[in-house]
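Grab a pencil and open the viewer. Below is a short set of exercises, each with a solution worked step by step.

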Amino acid sequence: MKHEITKELIKAVTPYIIPDNITISTNITNCKSGKYYSDLVTAEQKHRVGFEVFDNEIIVFYFTDHCHFEDYSSNSSDIEDNYIIRAKKFIVELFTLPIRHVETYKCDKLVSEKYYIVHPDGREESKTGVICHSIIRQLNPFIKKTTTMTTWQYDKSKEMFTNSQPKIYNPKAVEVITVDNSCYVEIFESKGLFYYEVWKLYYDDYYGMNYWSVLDDGTKSIFDTKEKAVSTAKEILSQLS
């Protein structure tokens, strides 16, 4: 690595990904003023998510988009304007928050797309503009447009971005029972009594993603043993299958 900033950015994202999957290469480019070096870091290969560090600029790339963070320190004394801080924040967001991808088609041709970071409060933020594809010039302007949305999120257990919300187990559960890839049960204890929550994977057709939600079976049963809680949860699951 040629830049110290590269190490700083890798350190920031390491807790959220599989470090062994990171690839680093140094690019050398010749220009009129001489050679310059950049560190190219790819953290997730399949969807091409990572960043490239230059002397005074960081380019973060993800899926089919990218975002530039340039050094404007000479024009501002505000620490929030520090391009390294802004780039680091965005890279961490890519691996910890959902990414909504909106695509617009005419017939079966992709004419534009845009990406949003979805914050916990539901706010959607786009770092870049709409990506337009030149194919739009070749199409009849009166053809009806269709829009699709896909929500991606990094799943550390799968080592990649998926459009299925990752499983997030409650640390307070005394036992977790994995039924299959679309269902699991968490057992909890409170004052010597036990209860369960059944989590199922549902599909949201609008956002194009699978998400986990607690199955509401209409009861909030309490059991005197963990075994009874497990048995009842499995019985409810058998009725659903």
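The exercises start with the whole chain and then move to helix ends, charges, rings and one tyrosine.

**Exercise 1. The overall picture**

Task: work out how many helices and strands the chain has, and what share of its residues is buried.

Solution. Before counting, keep in mind that this is a predicted model.
- Step 1: run through the secondary structure, and you get three helices and 15 strands.
- Step 2: turn to burial, where 39% of the 241 residues come out as buried.
- Step 3: look at the contacts with a separation of 6 or more; residues 24 or more positions apart account for 44% of these.

**Exercise 2. Helix 2**

Task: describe the span of helix 2, list its buried residues and find what caps its N-terminal end.

Solution.
- Step 1: helix 2 covers residues 83–96, which is 14 residues. From first C-alpha to last it reaches 20 Å, close to the 20 Å expected at 1.5 Å a residue.
- Step 2: pick out the buried positions of helix 2, namely Y83, I84, A87, F90, I91, V92, E93, L94 and F95.
- Step 3: check the N-terminal end, where N82 acts as the cap. A side-chain oxygen of N82 sits 2.8 Å from the backbone nitrogen of I84.

**Exercise 3. Salt bridges**

Task: take the salt bridges K226 to E175, K228 to D224 and E125 to K127, and decide for each partner whether it is buried, partly exposed or exposed.

Solution. Side chains of opposite charge can pair when their charged atoms come close. A search of the whole structure turns up nine salt bridges, and here are three to work through.
- Step 1: K226 and E175 meet with N and O 3.1 Å apart. This pair links distant parts of the chain, with K226 in helix 3 (residues 226–240) and E175 in strand 12 (residues 175–180), 51 residues apart. For burial, the limits to use are under 20% for buried and over 50% for exposed. K226 has a relative accessible area of 26%, so it is partly exposed. E175 is at 29%, so it is partly exposed too.
- Step 2: K228 pairs with D224, and their closest N and O atoms are 3.1 Å apart. K228 has 43% relative accessibility and counts as partly exposed; D224, at 46%, is also partly exposed.
- Step 3: go on to the network in which salt bridges with shared partners join D121, R123, E125 and K127. One of the bridges is E125 with K127, whose closest N and O atoms are 3.4 Å apart. E125 is partly exposed at 23%, and K127 is partly exposed at 33%.

**Exercise 4. Rings around F161**

Task: classify the ring pairs that F161 makes with F63 and with F95, and say which cluster they belong to.

Solution. A pair of aromatic rings is described by the distance of the centres and the angle of the planes.
- Step 1: the whole structure has 16 aromatic pairs. In one of them, F63 and F161 have centres 5.4 Å apart and planes at 70°. Planes over 60 degrees apart count as edge-to-face, so that is the label for this pair.
- Step 2: place the two partners. F63 is in the loop between strand 4 (57–62) and strand 5 (65–70), while F161 is in strand 11 (residues 160–162), 98 residues apart. F63 counts as buried at 12% relative accessibility, and F161 as buried at 1%.
- Step 3: now F95 with F161. Their centres are 5.4 Å apart and their planes are at 45°, so the pair is tilted. F95 belongs to helix 2 and F161 to strand 11, 66 residues apart. Both F95 and F161 are buried.
- Step 4: zoom out to the cluster, where ring pairs link Y62, F63, F69, F90, F95, Y115, W152, Y154 and F161.

**Exercise 5. Charges over rings**

Task: which rings do R48 and R100 lie over?

Solution.
- Step 1: R48 lies over the face of F61, 4.4 Å from the ring centre.
- Step 2: R100 lies over the face of Y207, 3.8 Å from the ring centre.

**Exercise 6. The setting of Y195**

Task: locate Y195 and name its contacts beyond four places in sequence.

Solution.
- Step 1: Y195 is in strand 14 (residues 193–204), and it is partly exposed at 30%.
- Step 2: leave out neighbours within four places in sequence, and Y195 is in contact with E186, I187, F188, S190, S221 and I222.
- Step 3: compare positions along the chain and in space. Y195 and T225 are 30 residues apart along the chain, with their C-alpha atoms separated by 9.1 Å.

Key:
Residues are numbered from 1 along each chain as its sequence is written. This is a predicted model: local features need pLDDT of at least 70, side-chain atom pairs count only at pLDDT 80 or more; totals for chains, interfaces and linings use all residues. Side-chain values use heavy atoms; hydrogens and water are left out. Helices (H or I, at least four residues) and strands (E, at least two) are DSSP runs, numbered from the N terminus. The expected span of a helix is 1.5 Å times one less than its number of residues. Buried means under 20% relative accessible area, exposed over 50%, partly exposed in between (1.4 Å probe, protein chains only). A polar contact is a pair of N or O atoms within 3.5 Å; within protein, one must be able to donate a hydrogen and the other to accept it, and residues adjacent in sequence count only if both atoms are side-chain atoms. A salt bridge is a side-chain nitrogen of Lys or Arg within 4 Å of a carboxyl oxygen of Asp or Glu. Rings of Phe, Tyr and Trp (its six-membered ring) pair if their centres lie within 6.5 Å; planes under 30 degrees apart count as stacked, over 60 as edge-to-face and the rest as tilted. A charge sits over a ring if NZ of Lys or CZ of Arg is within 6 Å of the ring centre and within 35 degrees of the ring normal. Contact means heavy atoms within 4.5 Å.
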